[in-house]
Amino acid sequence: MTAVTRVLVLNGPNLNRLGTREPTIYGTATLDELRTELSSAAEGVEIDLRQSNDEAELIGWLHDAADARTPVILNPAAFTHYSYALRDAVALVTEAGIPVIEVHLSNPHAREEFRHTSVISGVATGVIAGFGFGSYRLALAQLLHAH
Ligand code: DQA
């Protein structure tokens, strides 16, 4: 694999509200703080962190990642549980040999039953859940050091 110069960190619906959204589950830190934290752990690699509440926009960003061969850390948020369109977009990235790591702040398996299903995991390169921002940090470490 060619050297990683940029990592796309994609975040799905409602994650723009991190900091105030259900803080007992998701904590009080914001997406901007996540960007800062990941950038300082990125060893010079560019962290391109984006968030959208729009399925189509997330799909477009995954298409761009496939074209540019950019590895992705993806928190699909609620789309995890039902978006076949997002799953198909992830599949076209990973089938091209580009890693997509699915991450979650919480551990969905320890929550409501509808969160126990991920339609994304079956086509993701790997899954890390339950460690707050640590889930993203672990995913980044894997992308930076695993090859
Ligand atoms: C989440 C878990 C999802 O079930 C939920 O819909 C989210 C956030 C997480 O990071 O723990 O929005 O992906």
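1. A word on names before the tour: helices (H or I, at least four residues) and strands (E, at least two) are DSSP runs, numbered from the N terminus. With that in hand, F131 can be placed in the loop between β5 (126-129) and α5. Please keep in mind that this is a predicted model.

2. Let us stay with F131 for a moment. Its relative accessible area is 54%, and F131 is exposed because the cut-off for that class is over 50%. Not counting residues up to four places away in sequence, F131 touches H104, L105 and L138. Two of these, H104 and L105, are also listed among the residues around the ligand. As for P23, it stands 108 residues from F131 in sequence, and the C-alpha atoms of the two are 14 Å apart in space.

3. Next, the ligand. Which residues are around the ligand? They are R21, Y26, N75, A77, A78, H81, H104, L105, S106, R111 and R115. Some of them come with distances to oxygen atoms of the ligand. For S106, an N or O atom of the side chain is 2.6 Å from a ligand oxygen. L105 takes part through its backbone, where a polar atom is 2.8 Å from an oxygen of the ligand. In R21 it is again the side chain, with an N or O atom 3.0 Å from a ligand oxygen. On its own the ligand has 320 Å² of accessible area, and the protein covers 99% of that.

4. R115, one of the residues around the ligand, deserves a look of its own. It lies in the loop between β4 and β5. Is R115 buried or exposed? With 14% relative accessibility, R115 is buried, because that class takes in values under 20%. Its side chain and that of E112 make a polar contact of 2.7 Å. Leaving aside neighbours within four places in sequence, R115 is in contact with Y26, H81 and P108. Y26 and H81 are themselves among the residues around the ligand.

5. Helix α2 (residues 31-40) is a good one to rotate on screen. Its buried residues are L31, L34 and L38. Viewed down the axis of α2, these buried residues fall within an arc of 50°, so they line one face of the helix. The general background is that an α-helix has 3.6 residues a turn, so residues three or four places apart point the same way. On the face turned away from the buried side, α2 carries the exposed residues D32, T36 and S40. As packing partners, the buried residues of α2 have β1 (6-11), β2 (46-51) and α5 (133-145).

6. Strand β1 includes N11, a polar residue with a relative accessible area of 0%, which makes N11 buried. What does the side chain of N11 reach at 3.5 Å? It is the backbone oxygen of V9. The side chains of N11 and Y136 are joined by a polar contact of 2.6 Å. Beyond four places in sequence, the contacts of N11 are L31, L49, R50, Q51, S52, L58, N75 and Y136. L31 in that list is one of the buried residues of α2, and N75 is one of the residues around the ligand.

7. Helix α4 (residues 84-94) holds L92. In this helix L86, A89, V90, A91 and V93 are buried, while L92 is partly exposed at 37% relative accessibility. The buried residues of α4 pack against α3 (55-68), β3 (72-75) and β4 (100-104). L92 itself is in contact with H63 and A66, leaving aside its neighbours within four places in sequence. From L92 to A29 the C-alpha separation is 32 Å, with their positions 63 residues apart along the chain.

8. Finally, the aromatic rings. The count of aromatic pairs comes to one. Its members are F79 and Y82, with ring centres 5.9 Å apart and planes at 70°, so the pair is edge-to-face. The step rests on a cut-off, because planes over 60 degrees apart count as edge-to-face. How do the two partners sit, buried or exposed? F79 is buried at 6% relative accessibility, whereas Y82 is exposed with a relative accessible area of 51%.

Note on methods. Residues are numbered from 1 along each chain as its sequence is written. This is a predicted model: local features need pLDDT of at least 70, side-chain atom pairs count only at pLDDT 80 or more; totals for chains, interfaces and linings use all residues. Side-chain values use heavy atoms; hydrogens and water are left out. Rings of Phe, Tyr and Trp (its six-membered ring) pair if their centres lie within 6.5 Å; planes under 30 degrees apart count as stacked, over 60 as edge-to-face and the rest as tilted. Buried means under 20% relative accessible area, exposed over 50%, partly exposed in between (1.4 Å probe, protein chains only). The arc is that of the directions from the helix axis to the C-beta atoms. Contact means heavy atoms within 4.5 Å. A residue is near a molecule or strand if one of its heavy atoms lies within 4 Å of it. A polar contact is a pair of N or O atoms within 3.5 Å; within protein, one must be able to donate a hydrogen and the other to accept it, and residues adjacent in sequence count only if both atoms are side-chain atoms. Accessible areas come from the Shrake-Rupley method with a 1.4 Å probe; for residues, only the protein chains shown count as cover.
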